[in-house]
Amino acid sequence: MGGMDDLYREQILEHHRRPHNQAPLAAPSVSLEGRNPNCGDVINLQLQLDDAGVITDVAFSGRGCAISQAGTSLITDELRGKSVDEILGLGSPFVMELLGVEVGPSRIHCALLGLETTQKALATLRTT
Amino acid sequence: MGAWHNANGTLDPVKVRAAYPILATTPGGRPLHYLDSAATAQRPQRVVDAVSNYLLTANANPHRGSYTLGQMATEGYEGARARIAKYLNVPASELVMLGSATEALNLVARSWGKANLRRGDVVLVTEAEHHANLIPWQQITREMDADLEFIPVDDITGEILWDRLDSLMKLKPKIVAVGHVSNVLGSIAPLAQIAEAAHAVGALLCVDGCQAVANMPVSIPDLGADFYAFSAHKMGGLFSGGGLWARADLLAEMAPIETGGDMIRGVRLRDADFAEGTQRFEAGTPDASGAVALAAACDLLDEFGRDKIHAHESLMLERVLRELPEVLPDARILGPRDASQRAGLVAFSSDLVHAHDLAEILDRRGVAIRAGHHCAMPLHEQLELSASARVSVAPYTTNDDLDALFAGLRDARTVFER
């Protein structure tokens with residue numbers, strides 16, 4: 001049960017029970033739905049950027065497993081003040097560090113849903 | 001009663017387990033409690049032996065070799081078709097051997113659908129269908145400018161509202177496509193009633209039998225279906241393999257959707273005549289070893305007795321339905337509460353523990369269940385769920401497996417209630 005206690009630590013469960021950054025933004029610069037097609041985890045992410053391309057605010061809503069929702073909650077806490085380039089440079093080690101646990105291959109997509117959706121949203125912003 | 005039964009004639013799952021070597025393995029160092037047979041059944045040693053034997057002693061290209069070994073290969077393949085046909089109580093001449101049930105349902109939609117659907121025609125399916133019995137109909141109705149209509153489900157339990165059937169028949173559908181047993185709800189469709197209603201307005205009935213063929217007696221002529229699709233790997237056969245039964249007169253009128261070797265009578269440079277019967281739909285070298293495997297699986301399931309399999313599985317499901325609400329009080333059970341209306345599986349959701357988290361925690365005890373939308377996303381949308389947890393049973397499921405399941409559910413409660 002050691003592995004389970006790592007994955008479902010109090011910090012993760014707390015973010016799952018009371019996810020942060022839930023208040024919708026009035027005028028987001030970009031919104032994107034992120035989905036885990038095999039599992040059905042879903043988040044709706046909103047980002048507010050300033051003219052310099054730095055994230056000033058973030059919000060999300062969603063439903064899914066504890067890992068997907070807590071992972072998104074944790075990552076959204078880290079976004080404010082970061083530039084698009086900084087965020088596009090982040091990868092799974094960053095999320096693992098936030099979660100404080102190495103997530104196995106069957107749950108990695110849950111853990112990365114928040115970061116990957118953020119990166120996709122920022123990519124759409126760049127191409128438009 | 002033979003090797004698999006108790007003295008009173010009921011199936012003994014402990015004896016049955018001996019036929020499936022994987023059940024004695026310990027993946028990740030834990031005893032295996034496999035409760036995901038609805039996704040794929042475990043393979044009996046006998047099936048693997050049958051494949052080995054065929055490939056090591058009778059291997060040649062079926063339908064081609066004029067030499068002795070080639071005839072042995074052909075006999076092995078056609079003998080397997082006959083065995084599988086007998087399992088379903090249909091003539092071998094009406095059984096098309098394909099790669100999967102998905103292929104079978106695509107064949108019906110793309111061949112029968114293309115020839116018979118016109119602009120404004122209606123295809124009727126349920127909101128609970130597996131994607132394999134939904135997307136092919138989405139595609140062909142779009143292509144033919146026909147309409148796709150739905151038999152609705154209850155928003156809370158997900159149960160299919162068959163009492164809407166009569167009013168929906170006023171749409172005069174050309175075909176009604178339903179699952180024999182829902183792969184999420186576990187419910188057995190009232191096929192006799194559906195067939196009568198469909199045929200009364202001139203519609204055909206296409207049945208996805210994937211979740212029925214391994215879990216209960218299935219005699220296709222008694223069902224009233226016009227098409228019946230099934231999958232080998234849910235019966236203990238190989239991953240590759242499945243089939244389509246269709247009424248002979250329908251098969252005779254259907255055009256092949258794949259062409260090539262083995263499905264022809266004569267070929268000229270600019271055109272070709274196609275073979276008759278099932279062969280017309282089996283282009284290319286057939287998966288003969290897969291057919292042989294499935295035939296061996298049919299032998300074993302018949303030795304168990306499908307009525308006895310169904311009775312055993314009903315007992316297991318009854319226990320799940322009874323104890324689940326005690327162990328996980330907020331469990332929302334999808335489908336009927338009565339085990340007698342089910343075959344093979346129970347799916348549920350919980351606001352306390354999401355299905356993925358549940359599957360993860362159960363895995364710590366070696367309990368394997370399915371978490372997700374089970375290839376039925378529209379049904380989950382309708383129920384406002386992102387996923388559900390599915391427990392499915394088999395002839396080899398024991399009370400020991402269910403004990404481990406409930407112990408794991410208690411673990412999950414402990415974690416999420418803390």
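Start by selecting B:Lys86: it has 15 C-beta neighbours inside 10 Å and therefore counts as partly exposed. This is a predicted model, so keep that in mind at each stop. B:Lys86 sits in helix α3 of chain B, which covers residues 68-88. Now add B:Asn6 to the selection and draw a line between the two C-alpha atoms. The two residues are 80 positions apart in sequence, and their C-alpha atoms are 26 Å apart in space.

**Chain B as a whole**

Zoom out and show chain B alone as a cartoon. What will you find if you go through its secondary structure? There are 13 helices and 15 strands in chain B. Turn the chain along its principal axes, and its C-alpha atoms fill a box of roughly 75 × 55 × 35 Å. The radius of gyration of chain B is 22 Å, which agrees with the value near 22 Å for a compact globule of 418 residues.

Colour chain B by burial next. Of its 418 residues, 53% count as buried. Contacts that reach far along the sequence are also worth displaying: among those joining residues at least 6 apart, 70% link residues at least 24 apart.

**The two domains of chain B**

Make two selections in chain B and give each a colour. Domain 1 takes in 13-31 + 305-417, and domain 2 takes in 50-302. How far apart are the centres of the two domains? Taken over C-alpha atoms, the centres of domain 1 and domain 2 of chain B are separated by 28 Å.

Go to the place where the two colours meet. Here 25 residues of domain 1 of chain B are in contact with 26 residues of domain 2 of chain B. To find the domain 1 side, select α10 (306-327), β12 (345-349), α12 (377-382) and β15 (388-392) of chain B, the elements that give two or more residues to it. Linger on α10(B), since five residues, the largest share of this side, come from there. Colouring by residue class shows 13 nonpolar, seven polar and five charged residues on the domain 1 side.

**Across to chain A**

Bring chain A back into view and look at where the chains meet. In this interface, 16 residues of chain A are in contact with twelve residues of chain B. Which element should you select on the chain A side? Helix α1 (residues 2-7) of chain A gives the most, with three residues. By class, the side of chain A that touches chain B has nine nonpolar, four polar and three charged residues.

Hide chain B now and follow chain A from its N terminus. Its elements come in the order α-α-β-β-β-α-α-α-α, for a total of six helices and three strands. Along the principal axes, the C-alpha trace of chain A spans about 50 × 25 × 25 Å. A compact globule of 128 residues would have a radius of gyration near 14 Å, and the 14 Å of chain A agrees with that. Buried residues make up 40% of chain A. Of the contacts in chain A with a separation of 6 or more, 63% are between residues 24 or more positions apart.

**Helix crossings in chain A**

Select helix α2 (residues 10-17) and α3(A) for the next view. Their axes come within 8 Å and cross at roughly 90°, so α2(A) is roughly perpendicular to α3(A). Show side chains for A:Ile12, A:Leu13, A:His15 and A:His16 of α2(A), together with A:Ala66, A:Gln69, A:Ala70, A:Ser73 and A:Leu74 of α3(A), which make the contact. These residues divide into five nonpolar, four polar and no charged.

Keep α3 (residues 66-77) of chain A on screen and add α5 (residues 92-99) of chain A. The two axes come within 10 Å and cross at roughly 100°, so α3(A) and α5(A) are roughly perpendicular to each other. The residues to show are A:Gly71, A:Leu74 and A:Ile75 of α3(A), with A:Val95, A:Leu98 and A:Leu99 of α5(A). This set holds five nonpolar, one polar and no charged residues.

**Last stop: A:Leu74**

Centre the view on A:Leu74, in helix α3 of chain A. Is this residue buried or exposed? A:Leu74 counts as buried because it has 22 C-beta neighbours inside 10 Å, and the cut-off for buried is 20 or more. Leaving aside residues up to four places away in sequence, A:Leu74 touches A:His15, A:Leu98 and A:Leu99. For a final distance, pick A:Leu74 and A:Leu98: they are 24 residues apart in sequence and 6.6 Å apart in space, C-alpha to C-alpha.

Note on methods. Residues are numbered from 1 along each chain as its sequence is written. Chains are lettered from A and ligands numbered from 1 in the order in which they are written. Two residues are in contact if their C-beta atoms, placed from the backbone, lie within 7 Å. Helices (H or I, at least four residues) and strands (E, at least two) are DSSP runs, numbered from the N terminus. Ala, Val, Leu, Ile, Met, Phe, Trp, Tyr, Cys and Pro count as nonpolar, Asp, Glu, Lys and Arg as charged, and the others, Gly among them, as polar. The radius of gyration is taken over C-alpha atoms; the globule rule is 2.2 Å times the number of residues to the power 0.38. A residue is buried if 20 or more other C-beta atoms lie within 10 Å of its own, exposed if 12 or fewer, and partly exposed in between; C-beta atoms are placed from the backbone. Axes are lines fitted to C-alpha atoms, for helices over the stretch in contact, and angles run from 0 to 180 degrees between N-to-C directions. Angles under 35 degrees count as roughly parallel, over 145 as roughly antiparallel, 65 to 115 as roughly perpendicular and the rest as oblique. Domain bounds come from an automatic or database domain assignment.
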